[in-house]
Amino acid sequence: MSRGTAEALEPGPMDPKLGRMASSLLAVLLLLLGGMSSPHPGLVEKVFRYMDLHQDEFVQTLKEWVAIESDSVQPVPRLRQELFRMMAVAAEELRRLGASVDLVDLGSQQLPDGQTLPMPPVILAELGNEPGKPTVCFYGHLDVQPARQADGWLTDPYTLTEVDGKLYGRGATDNKGPVLAWVNAVSAFRALGEDLPVNIKFIIEGMEEAGSVGLEELVTREKEGFFSSVDYIVISDNLWVSRWRPALIYGTRGNSYFTVEVKCRDQDFHSGTFGGILHEPMADLVALLGSLTDSSGHILIPGIYDHVAPVTEEERDMYGAIDLDLEEYRSSSQVRRFLYDTKEEILMHLWRFPSLSIHGIEGAFDEPGTKTVIPGRVTGKFSIRLVPHMDVSVVEKQVKQHLQDIFSQRNSPNQMAVSMVLGLHPWVADVKDHQYLAAKRAIKTVFGTEPDMIRDGSTIPIAKTFQEVIQKSVLMLPLGAVDDGEHSQNEKINRRNYIDGSKLLAAFFLEVAQLHE
Ligand code: MN
Ligand code: MN
């Protein structure tokens with residue numbers, strides 16, 4: 001199918017009902033075309049039709065979930081209560097599906113200001129336990145970023161509002177909509193009295209936006225318990241790179257975060273009284289930070305590229321096939337010129353090469369005005385996004401060694417201290433895994449196209465945790481479009497993404513069950 005057709009059928013400014021009709025028509029057409037090769041054409045069609053007929057109910061449930069202000073970022077008792085309510089509502093919904101649900105207590109959280117707040121429980125749920133079927137485990141989260149209408153929302157962020165086929169509301173795409181798409185997919189099989197082709201497990205947390213506090217511990221503890229029977233893990237917590245074309249994500253970068261402190265004394269100096277006779281800490285620090293990269297973005301730390309996986313021909317082709325309008329991307333980012341000129345180079349430097357960013361300097365005089373101070377002690381902050389097969393502890397050694405070398409060349413009497421305060425591993429999947437093949441086929445059935453095979457330049461630590469602790473393959477199957485605005489004002493999910501996303505998961509269950517045999 002051509003790109004033009006898909007866009008013409010996207011519910012745009014036309015009457016939303018018309019758009020819905022058109023997209024149902026499209027689904028039937030695609031079934032006729034693509035459904036022949038599908039393992040259960042009749043069943044797929046039946047499930048899709050059910051979803052089309054019941055889509056307003058699915059939207060209504062999303063509306064009820066979005067109405068709960070489950071903000072985990074602001075440490076406020078009222079919001080914690082909302083989080084608890086959110087988890088209880090979700091648990092109830094899963095029980096209605098017939099799942100057995102465990103609400104695992106994570107205890108409480110000690111905040112830097114001494115305050116203690118209870119943590120929302122993690123939902124561990126399971127539906128079906130038949131030995132002949134694969135077990136698919138879905139991870140999602142129901143907490144959200146803060147949102148106030150005064151921040152520039154056009155509608156109340158906690159009242160899901162549909163405009164031109166777009167469902168606006170905090171958490172609509174991150175991550176309540178995708179969690180509900182899973183629920184919808186299961187509920188369609190149940191409502192039709194059809195046998196679920198897979199066993200399903202859910203792990204749903206309420207502290208993701210606050211750093212998934214306690215989650216890794218829980219996953220490790222449940223390795224031989226809840227996770228012992230899991231074959232595949234699926235995360236739907238990212239976005240496509242396109243407005244219309246689905247994507248599969250097969251890699252994320254890690255992150256190692258460093259601080260480098262240069263200290264002469266604790267107090268600041270007057271630059272009239274001391275300027276001219278000091279080894280100034282800020283001058284040392286600026287030289288250190290300036291030694292990290294060159295003007296083309298290349299990292300100058302010796303050895304840093306040694307373990308970066310070589311680019312294969314096959315991989316290079318994947319970048320070429322991705323639907324990205326570089327010019328639109330550049331202008332919407334409000335950047336005059338990127339470091340690279342081609343789509344392939346841009347994507348590779350976002351996804352599969354490391355990058356070093358300087359974030360700030362603590363202790364520096366950074367208010368407007370012309371105060372004449374020599375800071376006595378300053379701390380620079382920078383981080384390196386890591387890619388396969390870089391190793392966090394090797395990177396730590398290389399960075400420390402490099403900064404020592406540069407610092408000793410300056411022959412400064414100041415004290416320098418480097419620490420790595422965060423070390424998160426990169427993650428990459430094998431795109432030939434069953435569940436990637438199953439997801440590709442399901443995408444073909446629902447959307448009539450091949451997915452963009454993409455990576456995510458940011459870090460999603462839970463993927464690596466699942467892969468390392470449980471040692472099962474992780475699939476990232478995003479449902480939202482590139483312009484959903486997660487974490488931003490006017491976050492939304494398209495009705496089409498939400499409903500077709502639910503269909504996609506139903507089709508995925510069938511495909512993964514067939515491949516598993
Ligand atoms: Mn998320
Ligand atoms: Mn988020």
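**Backbone, helix packing and domains in a predicted model**

Author: This is a predicted model. N411 is found in the loop between α13 and β16 (415-424).

Reader: What is the phi of N411?

Author: The phi is positive, about 55 degrees, although N411 is not a glycine.

Reader: Which peptide bond leading into H389 is cis?

Author: The bond from P388 to H389, with omega near -5 degrees. H389 is found in the loop between β15 (377-386) and α13 (392-410). The bond from D174 to N175 is also cis, with omega near 10 degrees. N175 is found in helix α6.

Reader: Why are α4 and α6 called oblique to each other?

Author: Helix α4 (residues 55-66) and helix α6 (residues 172-191) pack at about 140 degrees, with axes 10 Å apart. Roughly antiparallel needs an angle over 145, and roughly perpendicular runs from 65 to 115. The angle of about 140 degrees fits neither, so α4 and α6 are oblique. Is the crossing left-handed or right-handed? Right-handed.

Reader: Which residues make the contact?

Author: From α4: F58, T61, L62, W65 and V66. From α6: A172, K176, G177, V179, L180, N184 and S187. By class, that is 7 nonpolar, 4 polar and 1 charged. Gly counts as polar, and Lys as charged.

Reader: How do you know that domain 1 and domain 2 touch?

Author: Contact needs heavy atoms within 4.5 Å. By that test, 7 residues of domain 1 are in contact with 6 of domain 2.

Reader: What area is buried between domain 1 and domain 2?

Author: About 510 Å², of which carbon and sulfur atoms give 58%. The C-alpha centres of the two domains lie 39 Å apart.

How values were computed:
Residues numbered from 1 in each chain as written. Chains lettered and ligands numbered in written order. Predicted model: local features only at pLDDT ≥ 70, side-chain atom pairs only at ≥ 80, totals over all residues. Heavy atoms only, no water. Axes fitted to C-alpha atoms, helices over the stretch in contact; angles between N-to-C directions. Helix = DSSP H or I, 4+ residues; strand = E, 2+ residues; numbered from the N terminus. Parallel < 35°, antiparallel > 145°, perpendicular 65-115°, else oblique. Left-handed = near helix turned anticlockwise from the far one by under 90°. Domains from an automatic or database assignment. Buried area = accessible area lost by both parts, 1.4 Å probe.
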